[in-house]
Amino acid sequence: MSGEQLLIGARVVTEAGVLEDGWVLIDGARIAAVGSGAPPIRPSAERVDLAGNWLLPGFVDLHVHGGGGYDATASSEAMAAAVRFHRSHGTTRTLVSLVTAPLDALERQLGWVADLVAEGGPVVGAHLEGPFLSHARCGAQNPAHLRAPDRTEFKRLVTAARGTLRSVTIAPELPGALDVIGDAVEAGSIAAIGHTDATYAEARDAIDAGATLATHLFNGMRPIHHREPGPAGAALGADLPCEVINDGIHVHPAITSLVNRTPGRLVLVTDAIDAAGMGDGDVELGGQLVRVRDGQARLARSGSLAGSTLTMDTALRRAVQVCGLSVPEASAAASGTPARLVGQRDAFGAIEVGLAADLAVLDADLALIRVLSGGQWIDGAGLTPS
Ligand SMILES: [Zn+2]
């Protein structure tokens with residue numbers, strides 16, 4: 001990743017708007033300059049003509065369990081391989097989501113995440129999806145390992161993560177949940193409301209206690225009722241950023257569009273499991289059998305949706321082509337907004353001078369063509385149909 005690269009002839013998506021006939025100068029792993037029209041004269045830079053295609057910041061996915069046949073909780077190697085699979089679909093920064101499991105297993109997995117963060121690759125940190133979740137709304141989380149929120153146990157998990165716990169999903173109605181939400185915020189983590197049967201009032205209390213995100217809005221939570229708006233009503237009413245699994249299965253396209261009405265509210269995530277990119281078949285998630293048919297992943301025992309087979313390039317393309325968002329709006333939901341949520345918007349998540357050279361090249365139909373991660377082109381990226 002030494003030397004300069006000059007990317008020219010692109011429709012560059014920045015937070016200030018689209019630069020037609022735009023160019024981006026990259027120095028090593030960082031963006032050195034951005035503009036439109038005549039590019040700077042840099043004889044020593046490698047020139048890459050992007051032939052009128054879209055250039056977006058690489059995607060930031062806050063919710064990933066696996067992909068490409070790899071379950072991130074199976075081993076540290078599988079975790080790294082799942083992250084590589086998603087990078088080939090444009091996700092240049094990711095949290096690794098850990099499903100509800102016994103505490104010692106979670107501690108071990110948090111250690112793998114911390115090792116990957118230390119390597120300086122795409123892994124930003126861990127997302128704990130449990131174990132402090134509602135039995136009534138556990139979805140595909142293994143109910144055998146759900147626990148009541150406990151500050152001492154949470155501290156064990158924070159310690160195991162060695163400063164890399166970035167998000168924890170909690171059901172706020174459980175006794176002790178508000179204390180753990182406070183502890184999470186103090187530990188530098190997002191506290192997210194999810195897998196919850198909370199009332200509107202209980203969810204509002206969680207927001208007052210510091211919760212700043214709704215985990216896959218509408219999925220794994222009490223639905224909106226006009227006399228009891230529940231956690232979804234509280235999250236939307238407070239303009240809380242909301243994760244949306246935009247695969248056309250988990251929510252209606254109109255929901256994606258509705259959440260996007262307030263700038264900075266929509267957060268596109270995949271919630272992908274190992275079956276992403278693998279076609280139909282049977283896989284395991286947190287010790288439970290999951291059947292994948294026609295791209296839908298469901299628990300064999302209950303038929304409950306069990307994560308997705310989505311990738312971020314598809315989530316973004318659907319946001320534009322099916323849900324009616326503009327490309328800059330969809331790009332913000334896929335990159336800038338999640339980067340802000342993890343407090344790293346000054347490091348990645350936009351095409352700006354000084355930020356990491358994490359870029360996705362998309363054709364006129366928004367199909368992913370190429371991926372640049374930390375200034376390096378990723379082999380095979382965009383070649384898998386999705
Ligand atoms: Zn999940």
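A residue counts as exposed when its relative accessible area is over 50%. By that cut-off R162 is exposed, because its relative accessibility is 51%. The model examined here is a predicted one, and R162 offers a friendly way into its charged pairs.

The side chain of R162 meets that of D115 in a salt bridge, with 2.6 Å from N to O. R162 sits in the loop between α3 and β11 (165–170) while D115 belongs to helix α2, so the contact ties together parts lying 47 residues apart in sequence. Its partner D115 has a relative accessibility of 40% and therefore counts as partly exposed.

Helix α2 also takes part in a second pairing, through E107. Here the side chains of E107 and R156 form a salt bridge at 3.0 Å, N to O. R156 is found in helix α3 (residues 151–161) and E107 in helix α2 (residues 103–119), a separation of 49 residues that links distant parts of the chain. R156 counts as partly exposed at 39% relative accessibility, and E107 is likewise partly exposed, at 23%.

A buried setting is seen for R93 and D358. Their salt bridge brings the closest N and O atoms to 2.7 Å. The two residues are 265 apart in the chain, R93 being in strand β9 (residues 91–99) and D358 in the loop between α9 (327–341) and β19 (359–362).

Beyond these pairs, a network of salt bridges links E15, R340, R345 and E352. Across the whole structure, the search returns 16 salt bridges.

Note on methods
Residues numbered from 1 in each chain as written. Predicted model: local features only at pLDDT ≥ 70, side-chain atom pairs only at ≥ 80, totals over all residues. Heavy atoms only, no water. Salt bridge = Lys/Arg side-chain N within 4 Å of Asp/Glu carboxyl O. Helix = DSSP H or I, 4+ residues; strand = E, 2+ residues; numbered from the N terminus. Buried < 20%, exposed > 50% of the residue type's maximum accessible area, 1.4 Å probe, protein only.
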